[in-house]
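Good morning, colleagues. Please take a moment with the sequence and the structure on the screen, and I shall then go through the side-chain packing.

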Amino acid sequence: MKKALLYFFWFVLVQFFLSWIVYAAWMLATGSSADDVMRTFGGGNPDAITAPMLVTASAVSSAAVTALFVWRKFAVVSPAYLRTRQWGVFFWCAVAALGTLIPSAWLQGLLPDMTDMKSETFKMILGNDYGYFTLCLLAPFVEELVFRGAILRALLGSFSRHWAAIAISAAIFALVHANPVQMPHALLVGLLLGWMYYRTGSILPGVAVHWVNNTAAYVVYMLMPQTADMELVDIFGGNPNNVVLAVVFSLFILIPGIYQLNLRMKKG
């Protein structure tokens, strides 16, 4: 348990400080004063942080986290699972990921209204030319490396019941998003990702799910940016019956996906 908390601490520390180092260096290089930097750091000037700054900070911090966790052997990076050529697992990972999207949004709609603290940040990243690289390629790999490859691996060594370790890692994964509106989906997906890591011993199936999940969000935003500020029922024309049909259709995707993964997944 101590190792898992240590890995979590290092992830947050590196992400936070390197992001702000990038912001400060960028602002000073473009003519802002030290007072402007400190005011932005204190939250008094949020408009000073631009999309290129966000994307650059994410890329730098992701690279640093990867380097740290690989160098210190907090997580093991190996192509062993790819050598097993379990391509069917990756296919059903994509199917299951797509099947989670609408049911998760529907369940979220049943909960009390939650604050969306990062809506504008995500819009800025998604609207940037390099947003896909950051959100859909870097983030899935780094987060799986940390939360499954390091934190869950450590928890599995501390708990005799694997579901306890998976549940704790999923809760940590939800909390690290630091955005109430994202937490329910992150918790549910975290349980799925944790189960997949336990079954395979590899982060790669989780990376596939994570990539499909983030890519779907990216594609929807690119094609219909107005949906970013809409409720699920509004997206389906304001008709609750359409939402129910969409949820049922998604379950016909999700359930076979999980069933097939349960049949096919094995250690690399």
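**Cysteines, cores and aromatic pairs**

I begin with C136, which counts as buried because its relative accessibility is 1%, the limit for burial being under 20%. Please bear in mind that this is a predicted model. Does the sulfur of C136 have a partner, or is it too far for a bond? The closest cysteine sulfur belongs to C93 and lies 17 Å away, so the two are too far apart for a bond. A disulfide would require the sulfur atoms to be within 2.5 Å. The count of disulfides is accordingly zero. C93, likewise, is in no disulfide, with C136 providing the nearest cysteine sulfur at 17 Å. C93 has a relative accessibility of 0% and therefore counts as buried.

C93 leads us to the nonpolar interior. One of its neighbours is L261, which touches V89, W92, C93, A96 and W195, leaving aside residues up to four places away in sequence. Where does L261 stand in the largest nonpolar core? That core has 46 residues, and L261 is listed with F69, V146 and I151 as having the most contacts inside it. At least two residues of the core are supplied by each of α1 (2–29), α3 (51–71), α5, α7 (131–156), α8 (162–176), α9 (183–200), α10 (204–223) and α12 (240–264). Which helix gives the largest share? It is α7, with nine residues. Separate from this is a second core of 18 residues, and A24, M27, V37 and L126 are among them. As general background, nonpolar side chains in soluble globular proteins tend to be buried together.

I turn now to the aromatic residues. The whole structure contains 14 aromatic pairs. One of them joins Y7 and F74: the centres are 4.8 Å apart, the planes differ by 35°, and the pair is tilted. This pair links distant parts of the chain, since Y7 belongs to helix α1 and F74 to the loop between α3 and α4, 67 residues apart. Both Y7 and F74 are buried.

A second example is F147 with F173. Their planes stand at 65° with the ring centres 5.4 Å apart, so this pair is edge-to-face; the threshold for that class is over 60 degrees. Because F147 lies in helix α7 and F173 in helix α8, the pair ties together parts that are 26 residues apart in sequence. F147 is buried, at a relative accessible area of 0%, and F173 is buried as well, at 3%. F173 has a further partner: the charged end of R148 sits over its ring, 4.4 Å from the centre. A comparable arrangement involves R72, whose charged end sits over the ring of W71 at 5.3 Å from the centre. Elsewhere, one aromatic cluster is formed by F16, F17, W20, Y23 and F41.

Finally, I would draw your attention to a polar residue, Q86. It is placed in the loop between α4 (80–83) and α5 (87–110). Is Q86 buried or exposed? With a relative accessibility of 10%, Q86 counts as buried. Which side chains does Q86 meet in polar contacts? One contact, of 3.1 Å, joins the side chain of Q86 to that of T84, and another, of 3.5 Å, joins the side chain of Q86 to that of Y81.

Terms used
Residues are numbered from 1 along each chain as its sequence is written. This is a predicted model: local features need pLDDT of at least 70, side-chain atom pairs count only at pLDDT 80 or more; totals for chains, interfaces and linings use all residues. Side-chain values use heavy atoms; hydrogens and water are left out. Helices (H or I, at least four residues) and strands (E, at least two) are DSSP runs, numbered from the N terminus. Buried means under 20% relative accessible area, exposed over 50%, partly exposed in between (1.4 Å probe, protein chains only). A polar contact is a pair of N or O atoms within 3.5 Å; within protein, one must be able to donate a hydrogen and the other to accept it, and residues adjacent in sequence count only if both atoms are side-chain atoms. A nonpolar core is a set of buried Ala, Val, Leu, Ile, Met, Phe, Trp, Tyr and Cys residues joined through side-chain atoms within 4.5 Å. Contact means heavy atoms within 4.5 Å. Rings of Phe, Tyr and Trp (its six-membered ring) pair if their centres lie within 6.5 Å; planes under 30 degrees apart count as stacked, over 60 as edge-to-face and the rest as tilted. A charge sits over a ring if NZ of Lys or CZ of Arg is within 6 Å of the ring centre and within 35 degrees of the ring normal.
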